[in-house]
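Visitor: I am new here, and I would love a tour. Could you show me what we will be looking at?

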Amino acid sequence: MVNTSNYIISIRKDEIAALPVMTYPAAITVVDSIAVAHSALRVLSQEKAVGFDTETRPSFRKGQVHKVALMQISTADRCFLFRLNKIGMCEELKAFLENPDITKIGLSVHDDFTVLRRSGDIEPAGFIDLQSMVKDFDITDISLQKIYAIIFGERISKSQRLTNWEADTLSEAQQAYAALDAWACLKIYNYLSSGSFDPLVSPYRHLPEPLPVASPAPADTPTSPAKKSVRRHRARH
């Protein structure tokens with residue numbers, strides 16, 4: 001499906017805030033030992049497509065980086081939370097991520113790959129990035145919260161995003177938050193793939209707002225080097 005009109009689909013923050021909060025509806029298995037990991041991967045290896053996400057302990061100091069603490073892999077009815085900070089990247093999990101025959105659906109997956117490679121050499125295969133997929137449906141928003149809200153009319157809470165994913169025990173709120181993101185990726189993929197979403201009837205379809213026209217600077221007003229430096233900095237951010 002290709003956008004042949006000038007219309008786009010996007011949602012404002014106030015529209016998201018007015019939506020009902022999504023409650024995670026499926027089961028959760030915390031994978032905190034190699035034995036449980038083996039059992040989980042036996043189940044996941046039978047699936048044709050799974051949802052995928054990761055969580056990393058937030059860093060509040062410049063230059064401080066962490067490895068992936070949690071990897072979420074979800075079927076339609078259960079999400080497995082692999083606690084990589086406890087069990088590491090076992091060979092079976094690495095092989096699963098590198099298996100091109102099992103479709104893994106995530107969001108901004110290249111960012112996940114970058115952080116995963118801090119834990120060792122890995123070449124992920126079989127991944128689909130929803131940020132690319134939704135463009136074919138005229139959706140210009142790229143966050144999971146906005147995409148889910150546009151398609152299903154519900155809001156995913158992000159209240160647990162900056163919590164400690166390396167805690168000894170993950171709280172129920174953390175587990176539900178982490179599981180929902182991976183589960184939602186799979187649900188979005190299945191819904192779009194089935195042809196159930198019609199961009200032409202979306203309540204969030206609209207013409208893009210016109211870009212503001214910048215006033216030209218007076219020809220006789222020189223721009224100082226300091227001002228030029230500030231403008232270059234703003235352009236990058």
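Guide: Let us begin with a term: a residue counts as buried when its relative accessible area is under 20%, and as exposed when that area is over 50%. Please keep in mind that this is a predicted model.

Visitor: Thanks! Is Phe113 buried or exposed?
Guide: You will find Phe113 in helix 5. The cut-off for buried is under 20% relative accessible area. Phe113 has a relative accessible area of 6%, so Phe113 is buried.

Visitor: Which residues is Phe113 in contact with, leaving aside its neighbours within four places in sequence?
Guide: One partner sits 11 residues away along the chain, with its C-alpha atom 7.4 Å from that of Phe113. That partner is Pro124. With the neighbours within four places set aside, the contacts of Phe113 are Pro124 and Phe127.

Visitor: Let us turn to the sheet. What is the order of its strands?
Guide: This is an open sheet of six strands, and its pairing is mixed. Strand 2 (27-31) and strand 7 (127-129) stand at the edges with a single partner strand each, so one side of each has no neighbour in the sheet. Neighbouring strands are turned against each other by 25° on average, direction ignored. Read across, the order is 2-5-4-3-6-7.

Visitor: Where does the mixed pairing show, and in which sense do strand 4 and strand 5 pair?
Guide: Strand 2 and strand 5 pair in the parallel sense over five bridges, with Val30 and Leu81 as bridge partners. On the other hand, a hairpin of three residues links strand 4 to strand 5, and Leu70 stands opposite Arg83 there. Strand 4 and strand 5 pair over five bridges, and their sense is antiparallel.

Visitor: How many residues of strand 5 are buried?
Guide: Helix 2 (residues 34-44) packs on the sheet and touches strand 5 (78-83), as well as strand 2, strand 3 and strand 4. Strand 5 is mostly covered, and of its six residues the buried ones number five.

Visitor: Which residue in strand 6 stands opposite Val50?
Guide: Strand 3 (residues 49-56) and strand 6 (residues 103-106) pair in the parallel sense over three bridges. Opposite Val50 in strand 6 stands Lys104.

Visitor: Which strands does helix 5 touch?
Guide: Helix 5 (residues 109-116) packs on the sheet, and its direction makes about 55° with that of strand 3. The strands it touches are strand 3, strand 4, strand 6 and strand 7.

Visitor: Now two helices, please. Are helix 7 and helix 8 parallel or oblique to each other?
Guide: Helix 7 (residues 144-152) and helix 8 (residues 172-193) have axes 11 Å apart and pack at about 45°. Angles under 35 degrees count as roughly parallel, and those from 65 to 115 as roughly perpendicular. The crossing is left-handed. Helix 7 and helix 8 are therefore oblique.

Visitor: What kinds of residues make up the contact of helix 7 with helix 8?
Guide: From helix 7, the residues include Leu144, Ile147 and Phe152, and from helix 8 they include Asp181, Trp183 and Lys187. The division is 11 nonpolar, no polar and two charged.

Visitor: One last stop: what is the relative accessible area of Ile11?
Guide: Ile11 lies in the loop between strand 1 (8-9) and helix 1 (13-17). Beyond its neighbours within four places in sequence, Ile11 is in contact with residues including Leu19, Asp141, Ile150 and Tyr204. Ile11 is buried, and its relative accessible area is 4%.

Definitions and conventions:
Residues are numbered from 1 along each chain as its sequence is written. This is a predicted model: local features need pLDDT of at least 70, side-chain atom pairs count only at pLDDT 80 or more; totals for chains, interfaces and linings use all residues. Side-chain values use heavy atoms; hydrogens and water are left out. Axes are lines fitted to C-alpha atoms, for helices over the stretch in contact, and angles run from 0 to 180 degrees between N-to-C directions. Helices (H or I, at least four residues) and strands (E, at least two) are DSSP runs, numbered from the N terminus. Angles under 35 degrees count as roughly parallel, over 145 as roughly antiparallel, 65 to 115 as roughly perpendicular and the rest as oblique. A crossing is left-handed if the near helix is turned anticlockwise from the far one by less than a right angle, and right-handed if clockwise. Contact means heavy atoms within 4.5 Å. Ala, Val, Leu, Ile, Met, Phe, Trp, Tyr, Cys and Pro count as nonpolar, Asp, Glu, Lys and Arg as charged, and the others, Gly among them, as polar. Two strands pair if DSSP finds at least two bridges between them. Buried means under 20% relative accessible area, exposed over 50%, partly exposed in between (1.4 Å probe, protein chains only).
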